[in-house]
Amino acid sequence: MLPENLLDPSLVLNTSTALDELTLEIVPEKILEALRALKTQKFERFVSVTAVDRYPMEPRFEVVYHMQSVARNLRVRLKCRATGDNPKIASATVVYAAANWYEREAFDLFGINFEGHPNLTRIMMPDFWQGHPLRRDYPVHGHKYDYKSE
Amino acid sequence: MSHTIPAEPEEKQSSHTRRMTLNMGPQHPSTHGVLRVVLELDGESIFKATPDIGFLHTGIEKQCEALNWHQVITLTDRVDYLANLSNNLCYSLAVEKLLQMEIPPKAQYLRVLLAELTRINSHLVWLGTHALDIGAMTVFFLCFREREDILRLFEMFSGQRLMTSYIRIGGLALEPPRGWEKRVKTFIDGLPSKIDEYESLLNTNPIWLKRTKGVGKISVEEMLEIGLTGPCIRGAGIPFDARKMTPYSSYEKFQFEVPTSTDNDVYARYECRVREMRESAKIVQQAMAGIPEGPVQADAPKAVLPERERMKTQMESLIYHFKIVTEGISVPAGEVFQVVESPRGELGYYVVSDGTAKPLRVHMRTPSFGNLQGLPNMIESRGIADSIAIMGSLDFVLGDCDR
């Protein structure tokens, strides 16, 4: 299991272990500090970053980072909350280059602004697309597209 | 997905160093799917490469949120259509972890067997098409001959060649059919000699060696930094394999090696994959030899669909069947990140439940997406011909990448 003092207590809001997986909730403004601290502790792999939309709860977004240490064979999940109007968080690309496409994906599908990202453009949807499809208030079927009019 | 073509580089250059912008794809046959790479060329060599993905984006993650837990299985097949059973397995393991369900040993062994057959299947398609890209056509026909055998086995198990949906939450969809042992044994015993055949066509082929050796090298640190997994990272000498590091589905009971190479080029990745096929054959043989007796579905009537026969003869089973089909199952609230080793690398499913009959979020951390991100680092400052070999060696499936 992971050592308790993985991160400085001032960065962490909440620590929980469920189903053998460690989750640390991080102060959103201090995410880069947390990522840098993990990188010095041999967490060399940035596995992914994505978001969870808990609409209509507020703050509705959870930005979820998965990190792995190959050398120590450990995994950890970091979590930051973001509010519904203008969700934003610092981009992890300055710490881990691998975050680039994952952040573009989360921006495209959830509309989360990763500040300081070198190229924050849509990656899955066309450039002209309006809205962010993976938000819970975005319908699964029939959004702005009328098949009958074809 | 971008619809714009980048402007020509503006600075005035003398005629012999003028850069040209070239679109490779989205329909270029060697990109194996609808990948577009915008290449900025300086003569024959690539100055800058920008992969553009999203042409196969089908919103699978969004659709998962609209279906109930059992129905999502059919979508996981369609994520990576060459490694459908790995995706079925990863999703099922994630949901089972949330349900804290015990899977019977026979189902676990069969899952391992099927996952390894999937690996062989995927590597055969990769080897055939990769060799075809580089000009060795015969290998393609030989690989697809064996692949056909595997697809017939899948059809025998599940009734489907590609979209099997055979691994379900709680075990397997059905008992394996009578006589499967013999068919699998015939195939797997013959496989090593078939692999020898492919190797005899390639290992001493001077064109193959010239096109693959020393091509696509980047440093190990850069590979880890950019997020490459699977045979790509093992070809760089890191024995990073989820089957060994965090064993799932009783992989800890099997004896196998994780092939690595330190050359870190296209040839090293080829070598790793071919040796992996041999290891997979060994795992399948061990699974066949040690398969325990017992049921193939967990004893959890509220979460697992009952057997057809029981459903038609027992009242209680009929009630459970009706409830599971109409209402779906409720999974305790929580979140889990399950990792399996897919043929392409690390496949992770991040599944979040809020305690209802539908998932709150299913995120797929797919290996193709991670590996494709490393493409520019590998092909920049190399020739166009090398880029084809390097793209082949990354072994991406665009369905897996775009989801």
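In chain B, strands β2(B) and β3(B) make a hairpin, with two residues sitting between them. B:Gly43 is in that turn and has a positive phi of about 70°. Keep in mind that this is a predicted model. The hairpin belongs to an open sheet of three strands in chain B, ordered β1-β2-β3 with antiparallel pairing.

**The sheet as a whole**
- At the edges you'll find β1 (19-24) and β3 (45-52) of chain B, each of which pairs on one side only.
- Ignoring direction, neighbouring strands in this sheet are turned by 20° against each other on average.
- As background, strands of a sheet pair through backbone hydrogen bonds, and the pairing can be parallel or antiparallel.

**β1 against β2**
- β1(B) is joined to β2 (residues 36-42) of chain B by six bridges, and the two strands run antiparallel.
- If you want to check the register, start with B:Arg19, whose bridge partner in β2(B) is B:Asp42.
- Another pair to look at is B:Leu22, which has B:Leu39 of β2(B) as its bridge partner.

**β2 against β3**
- Seven bridges link β2(B) and β3(B), and these strands also run antiparallel.
- Across this pairing, B:Val38 stands opposite B:Thr50, a residue of β3(B).
- The link between these two strands is the hairpin turn with B:Gly43.

Definitions and conventions. Residues numbered from 1 in each chain as written. Chains lettered and ligands numbered in written order. Predicted model: local features only at pLDDT ≥ 70, side-chain atom pairs only at ≥ 80, totals over all residues. Pairing = 2+ DSSP bridges. Helix = DSSP H or I, 4+ residues; strand = E, 2+ residues; numbered from the N terminus. Axes fitted to C-alpha atoms, helices over the stretch in contact; angles between N-to-C directions.
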